[in-house]
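Q: I should like a close examination of the open and enclosed spaces in this protein, together with the residues around them. Please take one part as the starting point and work outwards from there.

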Amino acid sequence: MLRPLYPNIRPYDQQTIEIGEHHIYVEQSGNRRGTPVIYLHGGPGGGSSEDHRRYFDPQKYRIIIFDQRGCGRSKPHASIRNNTTWDLITDMEEIRQMLGIKQWLIAGGSWGTTLAMAYGIKHAQHVLGFILRGIFLGTPAEVRWLYAHQGAAAIFPDYYQDFLVPLRPHIQQEPVKAYQQILNSDNELAKFQAAKAWSLWEQRISTLEANHSTIETPEQIHSAVAMATIENHYFVNHCFFEADYLLNHIDTISHIPAIIIHGRYDMVCQLQRAYELKQRWQNATLNVIPLAGHSGFEPGIINAFCQASDKMAAFLEEQSNS
């Protein structure tokens with residue numbers, strides 16, 4: 001029987017921290033004396049969900065969630081100014097120190113796995129372990145898979161045509177750069193249409209079963225603008241990494257325990273990348289979920305993530321008592 005998410009809980013602490021012009025939303029829930037875990041949402045620009053708290057046993061974990069720069073409840077909305085991978089790592093360190101945490105478990109999904117590993121490489125001494133779902137290594141090849149005419153477009157040609165609609169035919173060969181021009185233009189209507197198309201493409205191909213979701217409400221469009229603008233900004237800039245940065249530096253964290261979860265039929269982030277990572281990470285296990293795509297909330301993924309968080313809690317408790 002598949003495990004469900006833990007019951008919904010409310011945060012016991014919510015605050016906004018100011019770092020430069022950015023106001024970062026941070027919340028805590030669960031057990032104040034539990035093992036600290038920080039969950040890193042996807043995108044970049046996706047924002048956090050109240051369901052992200054529910055991956056973790058609230059009796060065992062002190063659950064920390066924050067909205068990365070420019071998205072969710074953080075402000076300014078959709079801002080790409082001073083918004084890089086390294087800025088987000090700085091924010092995580094600010095949060096850790098503010099909360100008086102020496103070491104924490106790092107968990108994340110999709111882009112959250114990228115940020116988790118980048119943080120670990122820079123601050124390995126503060127990491128107890130990793131739970132990583134839907135591996136994305138931040139490479140140009142992965143971006144091409146998702147947005148160019150090969151890759152996922154060959155599996156979902158109908159959805160991909162909708163993705164190309166906001167672009168003029170002569171610039172459709174380089175869609176990421178073409179979207180950058182629209183998303184950073186002064187034409188608000190064009191920006192809204194482009195943001196909807198960009199975000200809808202990823203939503204539609206994230207689940208194993210056909211996803212007929214739409215983006216129509218003001219709240220959905222607001223979130224789509226942040227997602228599209230920030231994601232595009234990161235991908236145009238190669239996630240602010242040198243080529244193969246994470247794999248080239250994985251030895252820095254390969255001694256730290258990690259549980260990797262990846263859907264067999266993930267069309268957003270390729271399973272091949274998770275497999276390559278596992279081959280290089282001596283203290284990691286890879287759990288391939290047979291009937292799952294990319295979404296963090298498909299039944300098989302939920303089951304695997306909750307099992308992983310339980311397993312990691314038991315392991316870390318045993319380590320602290322030994």
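How much space lies in the largest pocket?

A: The model is a predicted one, and its largest pocket holds about 970 Å³ of space. The lining of this pocket comprises 39 residues, and those nearest its centre are Gly46, Gly47, Gln203, Met227 and Phe297. Two elements, helix 7 and helix 8 (218-236), give two or more residues each to that lining. Helix 8 gives the most, with six residues. By class, the lining of the largest pocket divides into 26 polar, eight nonpolar and five charged residues.

The second largest pocket has a volume of about 290 Å³. Its lining is made up of 13 residues, with Val143, Arg144, Glu174, Val176 and Lys177 nearest the centre. Helix 8 appears here too: along with helix 3 (140-147) and helix 6 (175-183), it supplies at least two residues of the lining. The largest share of this lining comes from helix 3, which provides four residues. Eight residues of the lining of the second largest pocket are nonpolar, two are polar and three are charged.

Enclosed space is a separate matter. A search of the whole structure finds one cavity of 30 Å³ or more. About 70 Å³ of space lies in the largest cavity. Its lining consists of Gly43, Ser110, Trp111, Phe136, Leu146, Glu202, Glu231, Phe235, Val268 and Cys269. Of these residues, six are nonpolar, two are polar and two are charged.

Several lining residues of the cavity recur elsewhere in the description. Gly43, from the cavity lining, is joined to Pro44 by a cis peptide bond, with omega near 0°. Pro44 itself is located in the loop between strand 3 (35-40) and strand 4 (61-66). Phe136 and Phe235, also from the cavity lining, belong to one aromatic cluster with Tyr147, Tyr160, Phe163, Tyr179, Trp198 and Trp201.

Within that cluster, the rings of Phe163 and Trp201 have their centres 5.9 Å apart, and their planes meet at 35°, so the pair is tilted. Phe163 belongs to helix 5 (residues 157-164) and Trp201 to helix 7 (residues 188-204), so this pair ties together parts that are 38 residues apart in sequence. Phe163 is buried, with a relative accessible area of 1%, and Trp201 is likewise buried at 1%. Helix 7, in which Trp201 lies, is also one of the elements that contribute to the lining of the largest pocket.

The whole structure contains 26 aromatic pairs. Among them is the pair of Phe130 and Trp281, which is edge-to-face, with 5.3 Å from centre to centre and 80° between the planes. Phe130 is placed in strand 6 (residues 127-133), whereas Trp281 is in the loop between helix 10 (271-280) and strand 8 (284-289), so the pair ties together parts that are 151 residues apart in sequence. Both Phe130 and Trp281 are buried.

A further cis peptide bond joins Lys75 and Pro76, with omega about 0°. Pro76 is in the loop between strand 4 and helix 1 (85-98). That loop also contains Ala78, which has a positive phi of about 60° although it is not a glycine. The relative accessible area of Ala78 is 14%; the residue therefore counts as buried, being under the 20% cut-off.

Lys75 and Pro76 are both in contact with His22, as are Ile17, Arg69, Gly70, Ser79, Arg81 and Asn82, when the neighbours of His22 within four places in sequence are left aside. His22 is in strand 2 (residues 22-30) and is buried, with a relative accessible area of 0%. The side chain of His22 also reaches the backbone oxygen of Arg81 at 2.7 Å.

Finally, Phe240 has a positive phi of about 65° although it is not a glycine. Phe240 lies in the loop between helix 8 and helix 9 (245-248). Its relative accessibility is 22%, so Phe240 counts as partly exposed. Helix 8, at one end of this loop, is the element that gives the most to the lining of the largest pocket.

Key: Residues numbered from 1 in each chain as written. Heavy atoms only, no water. 1 Å grid on protein atoms, 1.4 Å probe; cavity = no way out; pocket = protein on both sides within 12 Å on 5 of 7 lines; lining within 4 Å. Points joined across faces, edges and corners; volume = space filled by probe spheres on them. Nonpolar A, V, L, I, M, F, W, Y, C, P; charged D, E, K, R; others polar. Buried < 20%, exposed > 50% of the residue type's maximum accessible area, 1.4 Å probe, protein only. Polar contact = N/O pair within 3.5 Å; in protein donor to acceptor, adjacent residues only side chain to side chain. Contact = heavy atoms within 4.5 Å. Phe/Tyr/Trp six-rings, centres within 6.5 Å; stacked < 30°, edge-to-face > 60°.
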